[in-house]
Amino acid sequence: MINFIQFTITRAFLSIVTLLIVCFIVFSLMELVPGTCAERYLAFKNTQGSQITFEDIEAEKVRLGLDKPFLYRFGKWVSDIAVKQDFGDSCILRMNINDLLSGRFVLSLTICLVALIFSYLIAIPVGIISATTKYVSLDQSLKFISYLGIALPNFLVALCIMLFMTVYYGDTMTGLFSQEYENAPWSADKVKDFLARAWLPIFVLGWNATAFALQTVRALMLDENDKLYVMAARARGISGMSLLWRYPAKHSLGPVINSIGFDLNRIFSALPVVALILILTEAGALLIEALARSNDQQLAGAIIFLLTATIVFVNFVTDILLAIMDPRIRKGVMGGS
Amino acid sequence: MEVSIKKKEAYYTATQMQLVRTRFFGNRSAMIAGSILLFMIVCSLFSGFLSPYDPTIAGRDKNYENGAPQIPMFWDENGFSPRPFLHTLTKYRGADTNFRWVYKTDTEKRRYVYFFVKGWEYKYFNYSINLPGKALDFTIPGLTFDTHLFGVEEGGIHLFGTDKAGKDLFSRTLSAIYISLAVGTLGVFISFVLSLIIGGISGYYGGWIDSLLQMFTDAIRTVPPIPLFMCLAAFAPLEWSSELRFFFISCLLGLISWPTLARRVRTHLLSERSQEYILAAKMCGASSTHIIIRHLLPSFTSYIIVDLVISFPYMLLSETALSFIGLGLREPVNSLGVLLQNATKADVLLNYQWYFIPVFFLVVLILTFVYVGDGLRDAADPHKTKN
């Protein structure tokens with residue numbers, strides 16, 4: 001047990017180090033964007049009619065702490081996030097990023113996680129069928145579909161479905177809510193409305209992830225199926241589903257759990273473009289807004305940090321899960337027990 | 001009996017590359033995909049010769065905007081012709097068409113398609129280098145051609161139709177495939193060099209250098225790539241020239257996608273460096289560089305090639321996604337993502353379906369790449385005996 005706790009602590013420590021490196025990369029990127037927050041803010045004020053002098057910019061820089069050295073500001077950014085969970089203010093929107101993001105990020109996360117779960121629910125049985133089927137044509141066509149999942153990028157799928165819906169049903173199916181619920185507080189009706197619309201982004205985001213997961217599962221099953229222990233089990237007279245679930249499927253589960261983090265990464269990666277097409281009002285769309293339109297470095301940094309932090313957390317959880325589930329890793333962790 | 005022994009002998013004396021080649025040629029789906037891919041690459045390389053019009057705004061057809069594809073035919077109600085021809089179209093609008101421009105087909109007037117005609121000029125090996133300072137600007141003239149595979153004498157021939165500015169979609173698609181492949185190649189090359197250096201150092205030296213570099217690589221791998229791309233692509237100022245933008249986007253693709261390959265290189269090196277032949281080389285007094293270049297790199301060349309081919313479609317997809325949202329390449333450069341941008345409106349699906357033709361080529365290009373990559377991976381895997 002002590003070994004296990006030690007393992008968990010080491011993993012947690014490593015995750016935090018990864019997160020710190022990511023923080024540093026993200027923060028340096030934010031710094032590299034031409035222009036500072038102070039200049040942006042004052043440029044905005046300038047358009048409102050007030051005269052801006054050089055001294056004003058300097059004063060604003062001091063107020064925002066931009067006169068301090070790079071490392072100091074980096075430390076402050078990180079410690080604000082770690083201690084106060086505060087991402088500071090958005091440069092352009094003049095709002096606290098926490099208020100801006102709180103609801104939306106949870107919404108994005110829900111959609112992505114549901115998409116992830118669905119893709120695994122489909123990919124695992126279909127992958128097993130593809131790997132073990134007697135019919136070559138079935139395997140080949142499943143393989144073709146999974147390749148199509150890569151070749152048809154999900155923004156293309158989103159685009160096609162949306163155009164199709166617009167032309168033949170008159171409803172664009174865009175957005176996460178219909179108009180009457182857009183700004184309404186959460187209620188049973190709003191949840192219903194949300195579910196009626198959320199299937200499209202979930203399907204589109206899950207589409208690629210399913211294809212990838214399918215390939216992983218298929219390859220793993222093919223590998224395991226030829227191994228001696230499976231042959232031994234077959235020789236003992238176990239066959240069919242009970243053989244599959246007891247031996248190769250169980251063994252392939254470990255690497256599949258390991259790949260969850262990367263599949264989530266892929267879904268997050270697809271999120272902004274899909275959000276742009278489907279006009280979702282969540283964090284992904286905000287990211288595009290922040291980067292492509294307004295160059296809002298604070299907001300963009302915060303979103304990328306949150307996405308990455310989620311992935312790091314999921315990786316941490318899957319590592320622990322694997323240590324509990326897989327006897328081989330458990331033995332390594334617990335030390336021979 | 002004689003034959004089977006010979007076969008066995010050939011099998012056991014074959015080099016690694018020969019084995020890979022035999023296995024790859026035996027894989028039917030990979031071979032089909034490979035031929036399609038090769039065909040597309042050759043077409044894109046000769047895009048200047050194959051396309052009847054300049055793919056940029058210079059080649060637009062003012063009299064045929066948003067025009068439907070024109071397919072050359074051999075016969076109509078007036079009879080058969082050995083030379084393919086098109087009917088003449090005239091632009092017309094009036095009260096009966098609700099004052100919208102429509103094209104009327106005049107089946108009496110035939111326009112014949114001619115081959116190897118002279119048309120717009122295209123150049124190969126033409127580079128102009130603009131370094132700071134007047135004296136350093138110079139241009140390599142390269143080779144200029146103006147012969148095209150086909151064309152018509154009057155009016156236009158638009159196999160895939162035209163877009164809203166009247167640019168020929170067939171020519172644009174060909175040049176877009178070329179540009180997208182070029183961006184991908186440059187990106188793959190940059191990520192290849194980076195991953196060789198970083199993965200090589202990490203795998204060969206091991207120890208704390210390895211742990212440090214691996215931590216860094218893993219951290220980059222956890223950041224979702226497209227948001228990171230977007231973040232970096234937003235640096236490119238709007239006033240940059242299209243060539244500079246092209247180069248910048250390729251560099252970004254390379255800079256972000258190296259970690260996966262670097263990890264593979266490291267794993268190979270870690271398992272190879274404890275082999276006896278490396279020890280032998282060390283005992284002969286060979287230097288580290290010599291061992292890496294002469295012994296370690298050749299030991300996994302086939303793996304690297306396979307990984308490069310596999311990573312290619314992701315480069316194409318990333319470029320497409322970036323250009324699609326307007327952060328990647330922009331007009332006047334054609335790329336598949338730029339062409340996709342035009343197909344985002346419901347109007348297009350109802351009236352101008354031919355805008356989707358480039359989408360088809362994108363999907364085929366990526367599918368063939370994935371199939372070829374998969375075939376190569378299977379062929380390069382020495383443990384795989386069947387398939």
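This passage walks through the two chains, how they meet, and the charged pairs found in them. The model is a predicted one, so everything here describes computed values.

Chain A first. Its secondary structure is easy to sum up: 15 helices and 0 strands. The chain has 337 residues, and 48% of them count as buried. Among the contacts in chain A with a separation of 6 or more, 71% are made by residues 24 or more positions apart.

Chain B mixes things up a bit, with 14 helices and 6 strands. Of its 387 residues, 45% are buried. Taken along the principal axes, the C-alpha atoms of chain B fill a box of roughly 90 × 65 × 45 Å. For contacts in chain B with a separation of 6 or more, residues 24 or more positions apart account for 70%.

Next comes the nonpolar interior. The largest nonpolar core has 168 residues. Within this core, the residues with the most contacts are A:W77, A:L205 and B:L365. What does A:L205 touch, once residues up to four places away in sequence are not counted? The list is A:I111, A:C112, A:A115, A:N154, A:I267, A:A270, A:L271 and A:V274.

Now for the place where the chains meet. Chain B brings 40 residues to the contact and chain A brings 46 residues. The size of an interface is often given as the accessible area lost when the parts come together. Between chain B and chain A, the buried area is about 3,900 Å², and carbon and sulfur atoms give 82% of that. On the chain B side, B:T222, B:F235 and B:Y371 supply 14% of the area that this chain buries against chain A, more than any other three residues.

Polar links across the interface can be counted too. There are 4 residue pairs in polar contact between chain B and chain A, with both residues at pLDDT 80 or more. Which elements of chain B give two or more residues to the side that touches chain A? They are α6 (207-222), α7 (225-233), α11 (301-324), α13 (346-351) and α14 (357-380) of chain B. Sorted by type, the residues on that side of chain B come to 33 nonpolar, 3 polar and 4 charged.

The count of salt bridges between chain B and chain A is 1. That bridge joins the side chains of A:K143 and B:D374, at 4.0 Å from N to O.

Salt bridges deserve a section of their own. Side chains of opposite charge can pair when their charged atoms come close. Over all chains, the structure holds 10 salt bridges. One of them sits in chain A, where A:R218 pairs with A:D139 and the closest N and O atoms are 3.0 Å apart. A:R218 lies in helix α8 (residues 188-225) of chain A and A:D139 in helix α6 of chain A, so this pair ties together parts that are 79 residues apart in sequence. Are these two residues buried or exposed? Both A:R218 and A:D139 are buried. A:D139 counts as buried because its relative accessibility is 14%, which falls under the 20% cut-off. Helix α6 of chain A, the home of A:D139, covers residues 136-151. Leaving aside neighbours within four places in sequence, A:D139 is in contact with A:S130 and A:T133 as well as A:R218.

Chain B has its own examples. B:R266 forms a salt bridge with B:D210, and their closest N and O atoms are 2.7 Å apart. B:R266 is in helix α8 (residues 242-272) of chain B and B:D210 in helix α6 of chain B, so parts 56 residues apart in sequence are tied together by the pair. B:R266 counts as buried at 15% relative accessibility, and B:D210 is buried with a relative accessible area of 10%.

Another salt bridge in chain B pairs B:R263 with B:D218, the closest N and O atoms being 2.9 Å apart. Here too, distant parts of the chain are linked: B:R263 is in helix α8 of chain B and B:D218 in helix α6 of chain B, 45 residues apart. B:R263 counts as partly exposed at 28% relative accessibility, and B:D218 counts as partly exposed at 30%. Finally, salt bridges that share partners join A:K143, B:D374 and B:R377 into one network.

Methods: Residues are numbered from 1 along each chain as its sequence is written. Chains are lettered from A and ligands numbered from 1 in the order in which they are written. Side-chain values use heavy atoms; hydrogens and water are left out. A nonpolar core is a set of buried Ala, Val, Leu, Ile, Met, Phe, Trp, Tyr and Cys residues joined through side-chain atoms within 4.5 Å. Buried means under 20% relative accessible area, exposed over 50%, partly exposed in between (1.4 Å probe, protein chains only). Contact means heavy atoms within 4.5 Å. Buried area is the accessible area (1.4 Å probe) that two parts lose on being put together, summed over both. A polar contact is a pair of N or O atoms within 3.5 Å; within protein, one must be able to donate a hydrogen and the other to accept it, and residues adjacent in sequence count only if both atoms are side-chain atoms. Helices (H or I, at least four residues) and strands (E, at least two) are DSSP runs, numbered from the N terminus. Ala, Val, Leu, Ile, Met, Phe, Trp, Tyr, Cys and Pro count as nonpolar, Asp, Glu, Lys and Arg as charged, and the others, Gly among them, as polar.
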